[in-house]
Each structure stands twice: as C-alpha cells, then as structure tokens.
Amino acid sequence: MIETAVDAELATTVAQAPRIHALPKPARDEVERLVEVSVRGLRRMQTEHVPPHAVYKRSDGRVEAVGRSVRYGAIMLLGARWLDMETRTWMLEGNPTSEICDVLIDQSQRSDDLGETALVAWAASELGHSRTEQALEHARLVASDERRARTVERAWLLSALLAAEQHCDVKRDAEREASRILQAFSESSDLFAHHVQRRELRGLRGHVACFADQVYPIQALSRFHMAFQEPAALSAASACAEKICSLQGEHGQWWWHYDVRSGEVVEGYPVYSVHQDAMGPMCLFDLGAAGGPLHLEAIERSLSWMSSAEEVGFSLVDETKSLIWRKVARKDPKKLVRGVRAVASRVHGDIRLRFLDRWFPPDAIDFECRPYHLGWVLMTWLT
C-alpha cells in the first residue's frame, strides 16, 4: 500500500474528481483502483527523470525495465500535474516536475520526432514551464516538414498549442493544425485516416486507421472548439465519437483497426487496456466538456472490460506488482491476422475472413506495461 499520509491525500484527490463521481459505484470503484495502481506503478518506474520505455514480466515472474522514453515521460507529467503535491512528490521520488520537464525539453531539442516534441511541448505548456515557448518553437519547426503527416502526432501538436494559449498567441497555428486534422476526416465513414494527407489512403494498408487515430483528434478538436468556438471541429469530433461507440464490442471493447472508407472494423484485436481505462474515456469526457455528447454508457462499458477481460476471464490490473498489463491479443505469428484482414478488406470491404477467429483466438496477454498508460489514467480521471 501507499504510505499512510500519501494514501490519505490521494483518497482526497480522488474524492474531489468530478469525472469519477459521474460514474455508478462499480465503475467508480474500478477507477479508484486504477488511479492507485498508476501512482504506485509510476513510482517504481522512476529512473533519472526519463522513465523506461516499458516494464515487462519475465518468465521467472520478476519485472524488468527496458529502454528510456522522452515521450512517455511527457505523458507521465501530464498525468502527475493533477495529483496533490504530497502524492506527486512521493510518486516522483522527490524530483520536481519542473526539473523533469527541463530534462525532457533538453532531450527533445535534439529530436526530429514530431510526436516526442509535441508531447514535451504539451507537458511544458500545461505545467507553465519557463521554457514552454522554446519547446513549442521546436515542435513547430519539426511540424513544418509536411511529410510528418500522421494524424495522431498532429493532434498532439494541436493539444500542445491549445494548452499554451494562456501564455502566448497560438490561434493561427492552432487553426492551421485543426484544418490539417479535419482533412483526415472522412464524412462517408465518420472516421479519421492514419495520415492527414488523404493521398496516403493508397496502398494495401492505406485505408486502415487505428483507435488512436480516432481518440486524439476527438480530444484535440474538442479542445479547439472550446478555445475558439469552431462548429466544424466539434461536429467532426462528435461524429467520430458516435461511430466508435456504435462499433464498441459486446463487452465494452474498443476495437483496434478500422476501414476509413466504409466505417467497418477491419480487425478488433489486440484490445489494449490503455484504450479501455484511459484513452477512450479521456476523449469522450473532453468531447462532453466541449458541448458534445458524453457517451457515459460507453465509458462504463469500457471500464467493465477492465474489471474482468472477457477473453481471458480476469482483470489485467496487477495490484501486487502495481502494473496494468498492456493488451489481450491473438497468438498469430507476425501479426498475421491483422495483415491478412487489412489486405483482404482492401480488395473488398466486406471480406472479413471470419475463420481466422477460430484459428487464432484472442486469449494471449501481453505482460508489459508502459508509463504513458499510467500517465493517461491519471490525466483522464483526475482532470
């Protein structure tokens, strides 16, 4: 358990979180468990300011950390800022968020990865860091390369710009990024493409977009509408949210791959736990805050899957190790099912090759946990 004083402070923070109180008691209890596990899990991941890329369970049961990730460190800070001071200090082992952010900015200044630079700028903006404008300027520079056209990264950049609105004039840049993201939206399917440049729909997999390609645009465009009252942004975000909720699985699963042309699910698995307990609810709450529909029932069903993943019969939340395991997947070699279904749906949108479900059932657990997952849990529920 968390130390008594910190445990009491965290309980107070959770008790004051309005999003948690919007839920019925079973879902509320599940979120309280997720928040506590996330705080303890992030504490065990503290390593010289930049957290590991992942921790995973070895065959002997021990947990091992691998790599380092600046972008995951930024998401950790986005979540940590919502904790009370005592809990945040305990979780980060005494390292101030400003000091961690400083290290992340230093490292991101040498990067040409738009996702990394945008997330660091977003964290700096939310924290009101003294080097926010420097972080934003570098993210803008990286984004000026039009070849960097992945929808998720452009959405992160828009969210970073909007978070900086109180510090500097970002309206023109924000409008430009919102326009780019809207170019990725398909009115025929109500889904966002993987790339903002629609010519990228060409190729064997160009028509396939993932769940993340829907979540982060919904979030960013909702926030853009809140800042600048742009109906087109709210309309696209609302339509996409309606679509993914209509496609949600019987047991609350958020499916992984979609056909941007038809609006159908190409392949459902893996089901990622971060989609269920954080990313799905996060974008829907932001949409509701912007004046769009909340889809609270979909959020409750999403959390229900976390309580006991239907495919394996138990929860992926490991309270003994203070980790949330990454996903439930198929045991198919080299992502065979996803690849075959992507190609088949390219040939004809109605081809789904149902027999593959029998050959490769989704009953494998990926015993890996990444710090961004735990950071998004905190940001989603404590905002």
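Rings of Phe, Tyr and Trp (taking the six-membered ring of Trp) count as a pair if their centres lie within 6.5 Å. Keep that in mind for the views below, which come from a predicted model.

**View 1. Four aromatic residues gather in one cluster.** The members are Trp 122, Trp 156, Tyr 216 and Trp 376. Searching the whole structure turns up eleven aromatic pairs. Two of the cluster residues, Tyr 216 and Trp 376, come back in View 3, on the core.

**View 2. Phe 285 meets Trp 381 edge-to-face.** The ring centres sit 5.4 Å apart, with 80° between the planes. This pair ties together distant parts of the chain: Phe 285 belongs to helix H13 (residues 273-289) and Trp 381 to helix H17 (residues 371-382), 96 residues apart. Are the two partners buried or exposed? Both Phe 285 and Trp 381 are buried.

**View 3. Trp 381 and its surroundings in the largest nonpolar core.** That core holds 126 residues, and Tyr 216, Trp 376 and Trp 381 are the ones touching the most other members. Helix H9 (residues 151-163) is the top contributor to this core, giving nine residues. Once neighbours within four places in sequence are set aside, the contacts of Trp 381 include Ala 17, Ile 20, Leu 23, Val 31 and Val 35, along with Pro 281, Phe 285, Ile 299 and Leu 303. Arg 19 and Asp 277 are also among the residues in contact with Trp 381. As a rule, nonpolar side chains in soluble globular proteins tend to be buried together.

**View 4. Two charged side chains sit over aromatic rings.** Lys 57 lies over the face of Phe 367, 4.1 Å from the ring centre. In the other case, Arg 81 places its charged end over the ring of Trp 82, at 4.4 Å from the centre.

**View 5. The second largest pocket.** It encloses about 330 Å³ of space. Which residues are closest to its centre? Of the 17 that line the pocket, those are Glu 126, Leu 162, Ala 163, Arg 223 and Met 226. H9, helix H11 (212-228) and H13 each give two or more residues to the lining.

**View 6. Glu 267 in strand E7.** The strand spans residues 265-267. Why does Glu 267 count as buried? Its relative accessible area is 2%, and the cut-off for buried is under 20%. Trp 256 is eleven residues away along the chain, and its C-alpha atom is separated from that of Glu 267 by 6.4 Å.

Key: Residues are numbered from 1 along each chain as its sequence is written. This is a predicted model: local features need pLDDT of at least 70, side-chain atom pairs count only at pLDDT 80 or more; totals for chains, interfaces and linings use all residues. Side-chain values use heavy atoms; hydrogens and water are left out. Rings of Phe, Tyr and Trp (its six-membered ring) pair if their centres lie within 6.5 Å; planes under 30 degrees apart count as stacked, over 60 as edge-to-face and the rest as tilted. Helices (H or I, at least four residues) and strands (E, at least two) are DSSP runs, numbered from the N terminus. Buried means under 20% relative accessible area, exposed over 50%, partly exposed in between (1.4 Å probe, protein chains only). A charge sits over a ring if NZ of Lys or CZ of Arg is within 6 Å of the ring centre and within 35 degrees of the ring normal. A nonpolar core is a set of buried Ala, Val, Leu, Ile, Met, Phe, Trp, Tyr and Cys residues joined through side-chain atoms within 4.5 Å. Contact means heavy atoms within 4.5 Å. On a 1 Å grid over the protein atoms alone, a cavity is a set of points where a 1.4 Å probe fits but cannot get out, and a pocket is an open set with protein on both sides within 12 Å along at least five of seven lines; lining residues have an atom within 4 Å of a point. Grid points are joined across faces, edges and corners, and a volume is the space filled by probe spheres set on the points.
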